[in-house]
Amino acid sequence: MSDDDIRLDGDEAAVPRWYVIQCKGGESFRAAEHLDNQGYEVFHPVFQAQKKRRGKLEWVSEPLFPYYLFIRLDRLVSNWRPIRSTRGVLRLVTFGVDMPIPVSDELVDTLRRHGSQEAGDAIQVYFRAGETVEITEGPFKDLQAVFASHKGEERAIVLLNMLHKQQRLEMPVAQLRRRD
């Protein structure tokens, strides 16, 4: 990126753009709430995930980008000073220069369009042993398997029928979905 890309004339500086804020660990929801209360336009993409809490499965909102959120500001009118002292905010993200670099509007628009999930479309994190699942990505896409066990929160062991035998396969839980 050249210096010409960073310097903006008066008209371009007045156009609101999206910037990235890095949040303190585990405080992105707090930061989004406090920035919103101050009147800033904030986009904090989240998804619904099923997590085990106190022995029960619950649906919880998880940040799509842990530790980060987007804020819409312009260089002329927006008050940037209160941002860094807002609870939960660590800093505005910069890339090798002293001034934050805007994120493309297309990226944020795409995240907004594809980021909204209904509860039925939410990522299913926990499965039961013996449950039939479908593989949604990778070389085994669209094949059915039997869920064997979890291996941490993000990995799973499934049994896939190949060559007349059940083969154990380790894969990301995000690549599995319940078979209806």
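**View 1. Salt bridges across the whole structure.** A search of the whole structure finds eight salt bridges. A salt bridge here is a side-chain nitrogen of Lys or Arg within 4 Å of a carboxyl oxygen of Asp or Glu. The model is predicted: local features need pLDDT of at least 70, side-chain atom pairs count only at pLDDT 80 or more, and totals for chains, interfaces and linings use all residues. Residues are numbered from 1 along each chain as its sequence is written, and side-chain values use heavy atoms, with hydrogens and water left out.

**View 2. Arg72 and its two acidic partners, Glu41 and Asp105.** Arg72 meets Glu41 in a salt bridge at 3.8 Å, N to O. This pair links distant parts of the chain: Arg72 sits in strand 5 (residues 68-73), Glu41 in strand 2 (residues 41-43), and 31 residues separate them. Helices (H or I, at least four residues) and strands (E, at least two) are DSSP runs, numbered from the N terminus. Arg72 also forms a salt bridge with Asp105, with the closest N and O atoms 3.6 Å apart. Asp105 belongs to helix 4 (residues 105-115), 33 residues from Arg72 in strand 5. Arg72 is partly exposed at 24% relative accessible area. Asp105 is partly exposed at 25%, and Glu41 is partly exposed at 39%. Buried means under 20% relative accessible area, exposed over 50%, and partly exposed in between (1.4 Å probe, protein chains only).

**View 3. The salt bridge between Glu134 and Arg177.** The two side chains meet at 3.2 Å, N to O. Glu134 lies in strand 7 (residues 132-135) and Arg177 in strand 11 (residues 176-178), so the salt bridge ties together parts 43 residues apart in sequence. Glu134 is buried, at 9% relative accessibility. Arg177 is partly exposed, at 42%. Elsewhere, salt bridges that share partners join Glu41, Arg72, Asp105 and Arg112 into one network.

**View 4. A nonpolar surface patch.** Leu64, Phe65, Tyr67 and Tyr68 make a nonpolar patch of about 360 Å². Patches are made of residues with over 30% relative accessible area and no salt bridge; like charges are joined within 9 Å, nonpolar side chains (Val, Leu, Ile, Met, Phe, Trp, Tyr) within 5 Å. Areas come from the Shrake-Rupley method with a 1.4 Å probe; for residues, only the protein chains shown count as cover. Tyr68 is in strand 5. Its relative accessible area is 33%, partly exposed.

**View 5. Two nonpolar cores.** The largest nonpolar core has 14 residues. Ile21, Leu35, Tyr40, Val42, Leu69, Ile71 and Ile83 touch the most other members. A nonpolar core is a set of buried Ala, Val, Leu, Ile, Met, Phe, Trp, Tyr and Cys residues joined through side-chain atoms within 4.5 Å. Strand 1 (17-23), helix 3 (28-37), strand 5 and strand 6 (89-92) each supply at least two residues of the largest core. Tyr40 touches Leu35, Ile71, Leu73, Asn79, Trp80, Pro82 and Ile83, not counting residues up to four places away in sequence. Contact means heavy atoms within 4.5 Å. A second, separate core of twelve residues includes Phe147, Ala156, Val158 and Val173.

**View 6. Thr86 in the loop between strand 5 and strand 6.** Thr86 is buried, at 5% relative accessibility. Its side chain makes a polar contact of 2.9 Å with the side chain of Gln38. A polar contact is a pair of N or O atoms within 3.5 Å; within protein, one must be able to donate a hydrogen and the other to accept it, and residues adjacent in sequence count only if both atoms are side-chain atoms. Leaving aside neighbours within four places in sequence, Thr86 is in contact with Ala31, His34, Leu35 and Gln38.
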